[in-house]
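The following exercises concern the overall form, the interior and one strand of a single protein chain. Each task is followed by a worked solution.

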Amino acid sequence: MSDFDYQKGVLHAEAVPLPAIADAVGTPTYVYSGAALTRRFQQVTEAFAGQPHLVCYSVKANSNVAILRLFSQLGSGFDIVSGGELARVRHAGGDPRKTVFAGVGKTPDEMAQALDAGLLLFNVESAEELEALDAVGRSAGRPAPFALRVNPDVDARTHRYISTGLKTSKFGVPFEEALALYTRAKKMKGVRALGLDCHIGSQLTATAPLRAALSKVAQLYLALQARGHALEYLDVGGGLGITYADETPPSPAEYARTVLDATRATGATLILEPGRSLVGNAGVLLTRVLYRKQTPERTFVVVDAGMNDLLRPALYEAHHALQPLVRRRGKAVEVDVVGPVCESTDVLARARPLLLPRAGELFAFMSAGAYGMSMASNYNSRPRPAEVLVDKAAWRVIRERERVEDLWRGERA
Ligand SMILES: *Cc1c(COP(=O)(O)O)cnc(C)c1O
């Protein structure tokens, strides 16, 4: 059974009717299923059972501290991309020693904080960053453990905005330069090579690009070992896709088979950095219809969630299915579901067949657990949504809706 399903015509999260949450907390509100989060995490760890591995949940997909705590209690480590995310992980009780730090622009301050916290691995993305990390390690009197993030130059065949493994991408070090950099690093006192890393992109729905990339990276790993670099970790990144509409991404088991086949020869401990695949289908965004508007060209439905609450459609032309919280019968018409934000790209669902919604009717944007709330902003001075976590028949607010006073916190008139 899906964790978001109709029971007697009413959409539920586990055993909780979603209209009850919308009425109590208001809209827009993100709702997550604890069972869905837990099951997805366990599917990944089971798929890699028998192989030394560490799951490092990618915090940027959904960084609510309740979700970080849940994953931490399941044994997860974390993949972070900023000092802010490190602080969140620690606040939530996550283990810095199971945490890896990626990103092309880590500041020396962020590096020093992470080294001090006992971070597992810095995933270094350029020669100059390696030198900066060396300086941080020397002044701390403790070498910083690092992996180079290499760019294997494969096309992940995903949206170009979430593809990161091509030569033209800002991410990683060109494959050909990696050997020389590890050799240089050997002479540095502030860093210690401990692994090799890659991440080719997000929302991957085919295994072939992953297999191609990891085969190249595994060969490099073996070449480095042969040259005396004592590596332990092979970080294969994240990127496993989910179903938003009719995509058919690999199952966790198929994904694991691809990764294991490509990397087995290395004998390395694998680091996995799943984000979207753990949280994407475990969350929905509840919204209420404000108005309908008929023009000669189109039928618009204006809802109370906008691109500031759910940016993915505007940013990536992403598709989120839209389901009514209470089912009814009738004939579908084609509508554009738009938010209140003053931007033409504030279209959350374009040309969708829907029963012409009525003012006040409630809907859920499905598959909104990843890159939803974590990308929300205050654009148009809109307070950010509340977040709710469901556990069977119980639910609790895990983030209060922002108040208008929060909008100008820190500002001086
Ligand atoms: C964003 C990111 C991930 C997670 O990607 P998903 O597609 O959400 O699984 C993993 N690793 C790195 C380095 C990332 O930047």
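**Exercise 1. Determine what share of the chain is buried, and assess its overall compactness.**

Solution. The model is a predicted one.

Step 1. Of the 413 residues in the chain, 55% are buried, where buried stands for under 20% relative accessible area.

Step 2. The chain exposes about 18,000 Å², and 51% of this area is supplied by carbon and sulfur atoms.

Step 3. The secondary structure comprises 12 helices and 21 strands. The radius of gyration is 22 Å, close to the 22 Å given by the globule rule for 413 residues, so the chain is as compact as a globular protein of that length.

Step 4. The C-alpha trace spans about 70 × 55 × 45 Å along its principal axes.

Step 5. Among contacts with a separation of 6 or more, 69% are made by residues 24 or more positions apart.

**Exercise 2. Describe the nonpolar cores and identify the contacts of F71.**

Solution.

Step 1. In soluble globular proteins, nonpolar side chains tend to be buried together. Here the largest nonpolar core holds 93 residues, and F71, F122, F146 and L196 have the most contacts inside it.

Step 2. Helix 8 (residues 208–226) contributes the largest share of this core, namely 7 residues. At least three core residues come from each of domain 1 (4–32 + 280–408) and domain 2 (34–276).

Step 3. With neighbours within four places in sequence set aside, F71 contacts L37, F41, Y57, S76, F78, L278 and V279; contact requires heavy atoms within 4.5 Å.

Step 4. A second core, separate from the largest one, has 19 residues, including A13, L325, L362 and M366.

**Exercise 3. Establish how strand 4 is covered and which strands pair with it.**

Solution.

Step 1. Strand 4 covers residues 29–33, and 5 of its 5 residues are buried.

Step 2. Separate the side chains by direction: T29, V31 and S33 point one way, while Y30 and Y32 point the other way, and all are buried.

Step 3. Strand 14 (residues 283–294) pairs with strand 4 in the antiparallel sense over 4 bridges. Within this pairing, G283 of strand 14 stands opposite Y32.

Step 4. Strand 20 (residues 386–391) pairs with strand 4 in the parallel sense over 5 bridges. Here L389 of strand 20 stands opposite Y32.

Step 5. In conclusion, strand 4 pairs with strand 14 in the antiparallel sense and with strand 20 in the parallel sense, and Y32 stands opposite a residue in each, G283 and L389.

How values were computed
Residues are numbered from 1 along each chain as its sequence is written. This is a predicted model: local features need pLDDT of at least 70, side-chain atom pairs count only at pLDDT 80 or more; totals for chains, interfaces and linings use all residues. Side-chain values use heavy atoms; hydrogens and water are left out. A nonpolar core is a set of buried Ala, Val, Leu, Ile, Met, Phe, Trp, Tyr and Cys residues joined through side-chain atoms within 4.5 Å. Buried means under 20% relative accessible area, exposed over 50%, partly exposed in between (1.4 Å probe, protein chains only). Helices (H or I, at least four residues) and strands (E, at least two) are DSSP runs, numbered from the N terminus. Domain bounds come from an automatic or database domain assignment. The radius of gyration is taken over C-alpha atoms; the globule rule is 2.2 Å times the number of residues to the power 0.38. Accessible areas come from the Shrake-Rupley method with a 1.4 Å probe; for residues, only the protein chains shown count as cover. Two strands pair if DSSP finds at least two bridges between them.
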